[in-house]
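This report looks at a protein chain and at how some of its strands are arranged. Please look over the sequence and the structure before reading on.

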Amino acid sequence: MKGAIHSLAGVALSLALVSTASAQTLSRPTACSTCIGNWYYFDEVATGAAGDWNCGGSSYDGHHGSDFSLIGNNGAIDTGYDIVATAAGTVVAAEDGHFDHCTACGGAGCGSSVGSGYGNHVVINEGSYKVIYGHMRTGSVRVAVGDTVSCGQVIGQIGSSGCTTGAHLHVETRPVGGAYASAFDPFQGGCSPTSPSLWTGQGPYRGLPDATCGAPPPPTCPSGTYAIWTCNAAATERTRCLSGVVSTEACSAGCISMPSGTDDVCATPPPPDCGSLSASYTCTADASARERCSSGMIETDACAAGCVASASGDASCATPPDCGSLAATYACAGDGLSRARCVSGTTEVDDCPAGCVVTAAGEDDLCRAVPDGGVQDASAPDASGPDASAPDASGPDASGGDASAARDADVDGGGSVVMKGGCSCDLAHSAGSKPRLPLLALPFFVLVAFRFRRHPR
Ligand SMILES: [Zn+2]
C-alpha cells in the first residue's frame, strides 16, 4: 500500500543522530490494539530504495511518516476506529471535510493538494516536536486549532483521505516549526538515527507501540536563571533554578560573584558584638534589668523589682515584694490589737493596745486611744473631757462633757485639727508618720476625724 507523501521523494536524510532524550515520549496512536494489520515505516534510505528503522523493507521510497494500515481497508472505515493523541499538547492545525475513501493519490478529491496530501488531518505541538495525524475519516476530526489535548484523547478516526491508496493512519513527527524535510523517524533501531526511541515503548517490529503515556516534559527555568547560584545586579541576593524551581537567598552582607561555572556566594556577615558583656548575667547600671552575651547577641532580662549582682555567676532579678492580701489602707488584725497595711510591698504594722476599730471599706481602720488610767471608747470621746483651760475660743465648752461642742473643734480647709493641749497635727501627715498624740487629745482627734469624714467641708 502506497500510503502517503511522494512529492518530495528522494530528499536526502540527515545522518546526524536525532536526540529525543528530553522529549515527551509517545503513546500508541490508535485506540484499538488489534485493528492494524500492516506497517509502512519512515524511509531511512536516502535515495532509490526504501528501508525501515529495523533495516527491513517495510517502507517505501521517500516516506516521511509511519503508516498504521487498517485491517479491512476502506471497507472498515465507516466502522469508526479512533485515533488518539500520542502525548499531551496543543492543536496547531486541523482540517476536515475531504473525501475519505481514496484508493489512489490523485483523482477527484484525492491527491497531494488535498489537505497538503494529508487529507483530513490534525497537527499537535507536543513539546519539543509536533505530530501530524493524516488521512482521517471525513467528519471525524474532534479538535480545533488552539485546543489543549491530553495523551490518549480521541482526536479523530482512521480514513483514507488526501494522497493515499487505502485506509491507514499516517503519523509524522517533526521538530516544532520544522518543515516537511525535517521529519524524523520516531522509532529507534539499527537503521534509524533516532535515540532513544520517541515512543514510551515502541513495541515489536511490525507491531503497535505500547499504549503508555510518557512523563510530562521537565519544567523549564525562566530565562536569566541558571542551575548555579548567581548574584543579582544589586548583589543583595543570589538565585538559581533547578528543574524549573527558582530559589533565592538573601545576602545580608552582599553577594560575591565567582568565576563562570561556579556558584556565587553570599559574603559572610561580621561576627555579632556584645561589647564588654560576658556570658554571665550582669546588672544594668540602673539595676532595672540584667543582661548577658549569648552567641554574640545581647540577651536582656527585665527585673521589675531590681537586679541583684552576684560576685560569681549570674546576677539575679530580685523577688518582687509581697504583702499578701494586705491593702494600702490599714486593716485591723484578727485579734483586734493591731492594724497593718502594705506600703511599696512592705507590711507596716501598728500596735493598737486599746483595740482596733474597723471603719468603712477603703479607709484606714483606727486604733483606739489609750487615756491615762484606762481604755477609752472611740464612740465616747467626751468621757474624760478636754482640758477646760484650752486657749481655743471656739473650742468645746469649758465644762466639758458636751459632745456637740466637741464636734465644733476647728477644722481648717487643709485638714488640720487644732487640739486642746497645743497640738496642731496634719491629718494627712499623721496618717503616714503615725505621730503619737497626747493621750488627752486622742479622743478629740478620733471624734473630729469621724465628723470630718461624715461631713466634709
Ligand atoms: Zn504515510
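The text below goes from the chain as a whole to two of its sheets.

The model is predicted: local features need pLDDT of at least 70, side-chain atom pairs count only at pLDDT 80 or more, and totals for chains, interfaces and linings use all residues. Residue numbers start from 1 along each chain, as its sequence is written.

The chain has 3 helices and 28 strands; helices (H or I, at least four residues) and strands (E, at least two) are DSSP runs numbered from the N terminus. Of its 457 residues, 33% are buried, that is, 20 or more other C-beta atoms, placed from the backbone, lie within 10 Å of the residue's own. Among contacts with a separation of 6 or more, 53% join residues 24 or more positions apart; a contact needs C-beta atoms, placed from the backbone, within 7 Å.

Strands of a sheet pair through backbone hydrogen bonds, in a parallel or antiparallel way. Here, two strands pair if DSSP finds at least two bridges between them.

One open sheet has 3 strands in the order E12-E13-E14, paired antiparallel. Its edge strands, E12 (230-231) and E14 (245-250), each pair on one side only. Another open sheet of 3 strands, also antiparallel, has the order E22-E23-E24. E22 (331-332) and E24 (346-351) stand at its edges with a single partner strand each, so one side of each has no neighbour in the sheet.

Two antiparallel pairs are set out here.

| Pair | Bridges | One bridge |
|---|---|---|
| E12 and E13 (residues 237-242) | 2 bridges | Cys 231 with Arg 238 |
| E22 and E23 (residues 338-343) | 2 bridges | Ala 331 with Ala 340 |

Notes:
Buried ≥ 20, exposed ≤ 12 C-beta atoms within 10 Å, placed from the backbone. Contact = placed C-beta atoms within 7 Å.
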